[in-house]
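The exercises below are meant to be worked through with the sequence and the 3D view side by side. Each one sets a task and then solves it step by step.

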Amino acid sequence: MKLVGGRLLPGPTGASAFFMYEGPSGERFTLYCGHTSDRETALRYTTGEQNAAYYWVDRNLAYVLSGPAERNKLHEIAQAAYDQIDVRASPQGG
């Protein structure tokens, strides 16, 4: 996955971040993250006609990864993002 851009955006509870990635076949994926008071959740899936998303809340931050509605591929990318964010956010992480 190649990072093709990002933006700092206003969110309902403060600043939020939006990153856009491109896959090897040109497909686009976005990762949105912002502060929330919602409870922590595991990965959850939602879908529309052509696009889908996985979302989760961890340590008062909400994340939404969206892209083409290919559930297995999107899950793989969401899990990789979740794992990498978790490692960096933990006290032992790099």
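Tyr21 is partly exposed, with a relative accessible area of 24%, where buried means under 20% relative accessible area, exposed over 50%, and partly exposed in between, using a 1.4 Å probe and protein chains only. The model is predicted, so local features need pLDDT of at least 70 and side-chain atom pairs count only at pLDDT 80 or more, while totals for chains, interfaces and linings use all residues. Residues are numbered from 1 along each chain as its sequence is written, and side-chain values use heavy atoms, with hydrogens and water left out.

**Exercise 1. Place Tyr21 in the fold and list what it touches.**

Begin with the element: Tyr21 belongs to strand β2, strands (E, at least two residues) and helices (H or I, at least four residues) being DSSP runs numbered from the N terminus. Next, look for contacts, which means heavy atoms within 4.5 Å. Leaving aside residues up to four places away in sequence, Tyr21 touches Met1, Lys2, Leu3, Val4, Glu27, Arg28, Phe29 and Leu31. Finally, compare with a residue elsewhere in the chain: Thr46 is 25 residues from Tyr21 along the chain, and their C-alpha atoms are separated by 20 Å.

**Exercise 2. Work out the strand order of the sheet and find its edges.**

Take pairing first: two strands pair if DSSP finds at least two bridges between them. Following the pairs gives an open sheet of six strands in the order β1-β2-β3-β6-β5-β4, with antiparallel pairing. The edge strands are β1 (2-11) and β4 (41-47), each of which pairs on one side only. Then zoom in on two of the pairs. Strand β5 (residues 51-58) is joined to strand β6 (residues 61-68) by eight bridges, and Trp56 has Tyr63 in β6 as its bridge partner. Five bridges join β4 to β5, which also run antiparallel; here Thr47 has Ala52 in β5 as its bridge partner, and the two strands form a hairpin with three residues between them.

**Exercise 3. Describe the surroundings of Arg44.**

Start from its element, strand β4, and its exposure, which is partial at a relative accessible area of 45%. Not counting residues up to four places away in sequence, Arg44 touches Ala53, Tyr54 and Tyr55. For Tyr55, eleven residues away in sequence, the C-alpha to C-alpha distance from Arg44 is 5.3 Å.

**Exercise 4. Find the salt bridges and say which parts of the chain Glu27 and Lys73 connect.**

A salt bridge is a side-chain nitrogen of Lys or Arg within 4 Å of a carboxyl oxygen of Asp or Glu, and the structure holds three. In one of them, Glu27 pairs with Lys73, the closest N and O atoms being 2.5 Å apart. Glu27 lies in the loop between β2 (14-22) and β3 (28-35) and Lys73 in helix α1 (residues 71-89), so the pair ties together parts that are 46 residues apart in sequence. Glu27 counts as buried at 13% relative accessibility, whereas Lys73 is partly exposed at 30%. Another joins Arg28 to Glu22, with 3.1 Å between the closest N and O atoms; Arg28 is partly exposed at 42%, and Glu22 is partly exposed at 25%. The pair of Arg59 and Asp58 has its closest N and O atoms 3.3 Å apart, with Arg59 partly exposed at 40% relative accessibility and Asp58 buried at 11%.

**Exercise 5. Examine the backbone in the loop between β5 and β6.**

Arg59 is found in this loop, and so is Asn60. Reading the phi angles, Arg59 has a positive value of about 55° although it is not a glycine, and Asn60, also a residue other than glycine, has a positive phi near 65°. Asn60 is partly exposed, with a relative accessible area of 47%.

**Exercise 6. Which element gives the most to the lining of the largest pocket?**

List the contributors: β2, β3, β6 and α1 each supply at least two residues of the lining. Of these elements, α1 gives the most, with seven residues. The lining of the largest pocket has 15 residues, of which Tyr21, Leu31, Ala80, Ala81 and Gln84 lie nearest the centre.

Note on methods:
On a 1 Å grid over the protein atoms alone, a cavity is a set of points where a 1.4 Å probe fits but cannot get out, and a pocket is an open set with protein on both sides within 12 Å along at least five of seven lines; lining residues have an atom within 4 Å of a point.
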